[in-house]
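This report was written for a reader who wishes to go through the contacts of a protein–DNA model one interface at a time. Please keep the sequence and the coordinates open while reading.

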Number of protein chains: 2
Amino acid sequence: MAGKAEERKQQLIKAAFEAATDKGYEHVTLQDIADYAEVSKGVPNYYFKNKGDVFAHLFEWLTERIFENESAAVDQVETAPEKLQAYLDQVFISPEENRTFYQLYLDFLARIKQDPAYQKINAAFYEHCFSIGRMIVEQGVRDGDFHVHDVEQTAVMIRAMIDGTLLQWLTRQEEDLHGWYRTSCHQGILRLVGAQ
Amino acid sequence: MAGKAEERKQQLIKAAFEAATDKGYEHVTLQDIADYAEVSKGVPNYYFKNKGDVFAHLFEWLTERIFENESAAVDQVETAPEKLQAYLDQVFISPEENRTFYQLYLDFLARIKQDPAYQKINAAFYEHCFSIGRMIVEQGVRDGDFHVHDVEQTAVMIRAMIDGTLLQWLTRQEEDLHGWYRTSCHQGILRLVGAQ
DNA sequence: ATAAATATTTTGACCGGTCAGTATAATTTT
DNA sequence: AAAATTATACTGACCGGTCAAAATATTTAT
């Protein structure tokens, strides 16, 4: 059945994710993916065009999952400042959880230039992120909590702030900075949106 | 001579840089480096421990060059707002020049986790960047142009803003966004530093 | 219901090719 | 000539992708 094949694909994507978090994206071989999924070497090639195709699907899965988590977090509170807080709490959910996800995301970012498929997936992810930011800013302006000239620009800058902060936190492997980066990012964004 | 060996190393690093901008970091082989330097295959291994060592030196060279350019730009003007402007003009100097440098930088960032040597080089680069930001913010506060509570935090957030913006611009390969990102980043930072 | 036929999925050996690193020979420099 | 440098050939490991055969599931025929 088609459902069965889809399940297998999901299993392989999950295996690729685990292999990548263990060994680092670039060192993952088709054999690794098969091993982690507990199937034989030929299986990944049976369900996917090639290795890159597996990773493209993983990238898609990863960005969709990040977006869904962020989106769900924002939806659970009412006011714009609360939504912003919830958004950032989700982005900086915990050092352990963040690290695997965003390290892998960074691996993909570095390869976007080479692969149009990655580019497309990332464009969709950005659009999703911008939509969260736009929604929060619009509501904040409407409620008089925020003050901005250009909602779209602000939404884009909010994501730039988040990505830049996460990037720094990831690449400075110093201890304990996680909480500091979360509050710094929060305060920075509050300034971006002209909160009082 | 020691100077001669240093020159050769520089030639090889330059070759690695050109090969990487042409073919993409991950596809560069030792043979490529030799070819671009117009020497034979054995030479890179004679002057460097191994391939990773060549790239570590390239990373160092790259980040130092970025920092020097930014630093020089800032030094050419007087006031804090002017320095900020000059800083960003240098960061967003032109789509073509930026793209090769920052694409390669992004490649390195993705590999920091795997390689302590890369991590160290990047830590030094960040420290340099923060020092530029700190200096501008301190002067701005002193002159009454800027208003911030925490200079250090602001310096770090300025770089996060820059990196996040560059990252977005790089990965959204849409045309013409370069100028828009420059002004957006500028306006965002002006809010971060409490200008007006 | 059972057997036979067919379709799908899985296996793992294998191939072609790449590449980092090595060893040694040739060349240049001192 | 001795040392340093460069050129070239080679090695061994690795890996992506293929494929024929085996195993399993599904359908059809009796």
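The sections below take up the two DNA strands, the two domains of chain A, the contact between the protein chains, and the salt bridges.

## Basis of the report

The structure is a predicted model, and every distance, area and count given here was computed from it.

## DNA strand C

DNA strand C is surrounded by 15 residues, and the closest of them are drawn from both protein chains, namely A:R8, A:S40 and A:Y47 together with B:K41 and B:K51. Of the strand C atoms that come within 4 Å of the protein, sugar and phosphate make up 63%. By class, the surface near DNA strand C consists of 6 nonpolar, 5 polar and 4 charged residues, and the element that gives the most to this surface is helix α3 (residues 42-47) of chain A, with 4 residues.

Which part of DNA strand C does each of A:Y47, B:K51 and B:K41 approach with a polar side-chain atom? For A:Y47 the partner is a phosphate oxygen, at 2.5 Å, and for B:K51 it is likewise a phosphate oxygen, at 2.6 Å. In the case of B:K41, a polar side-chain atom lies 2.4 Å from a base oxygen of the strand.

## DNA strand D

Around DNA strand D there are 15 residues, of which A:K41, A:K51, B:R8, B:S40 and B:Y47 come nearest. Sugar or phosphate accounts for 62% of the strand D atoms within 4 Å of the protein, while the rest belong to bases. The surface near DNA strand D divides into 6 nonpolar, 5 polar and 4 charged residues, and its largest share, 4 residues, is supplied by helix α3 (residues 42-47) of chain B.

Phosphate oxygens of DNA strand D have polar partners in the backbone as well as in a side chain. A polar backbone atom of A:L30 is 3.0 Å from a phosphate oxygen of this strand, and a polar backbone atom of B:S40 is 2.6 Å from a phosphate oxygen. With B:Y47, by contrast, an N or O atom of the side chain is involved, at 2.5 Å from a phosphate oxygen of strand D.

## The two domains of chain A

Chain A is divided into domain 1, covering residues 1-48, and domain 2, covering residues 56-192; taken over C-alpha atoms, the centres of these two domains are 28 Å apart. Where they meet, 9 residues of domain 1 are in contact with 11 residues of domain 2, and the area buried between them is about 910 Å², with 79% of that area given by carbon and sulfur atoms. Three residues, A:I13, A:F17 and A:Y25, supply 64% of the area that domain 1 buries against domain 2, which is more than any other three residues supply.

How many salt bridges are counted between domain 1 and domain 2 of chain A? The count is 0, and 1 residue pair is found in polar contact across this interface, with both residues at pLDDT 80 or more. On the side of domain 1 that touches domain 2, there are 6 nonpolar, 2 polar and 1 charged residues.

## The contact between chains A and B

The contact between the protein chains takes 45 residues from chain A and 44 residues from chain B, and together the chains bury about 3900 Å², of which 58% lies on carbon and sulfur atoms. Within chain B, the residues that lose the most area to chain A are B:K113, B:Q168 and B:R191, which together give 17% of what that side buries.

Across this interface there are 16 residue pairs in polar contact, both residues being at pLDDT 80 or more. The elements of chain B that give two or more residues to the side touching chain A are α6 (95-111), α7 (116-142), α8 (151-171) and α9 (177-192), and among these α8(B) gives the most, with 12 residues. By class, that side of chain B divides into 17 nonpolar, 18 polar and 9 charged residues.

## Salt bridges

Over all chains, a search of the whole structure finds 16 salt bridges, and across the interface of chain B and chain A there are 2. A:E26 and B:R111 join their side chains in a salt bridge, with an N to O distance of 3.2 Å.

Within chain B, the side chains of B:E18 and B:K14 also meet in a salt bridge, at 3.9 Å from N to O. B:E18 and B:K14 are separated by about one helical turn, because they are 4 residues apart in helix α1 (residues 2-23) of chain B.

Methods
Residues numbered from 1 in each chain as written. Chains lettered and ligands numbered in written order. Predicted model: local features only at pLDDT ≥ 70, side-chain atom pairs only at ≥ 80, totals over all residues. Heavy atoms only, no water. Near = heavy atom within 4 Å. Polar contact = N/O pair within 3.5 Å; in protein donor to acceptor, adjacent residues only side chain to side chain. Nonpolar A, V, L, I, M, F, W, Y, C, P; charged D, E, K, R; others polar. Domains from an automatic or database assignment. Contact = heavy atoms within 4.5 Å. Buried area = accessible area lost by both parts, 1.4 Å probe. Salt bridge = Lys/Arg side-chain N within 4 Å of Asp/Glu carboxyl O.
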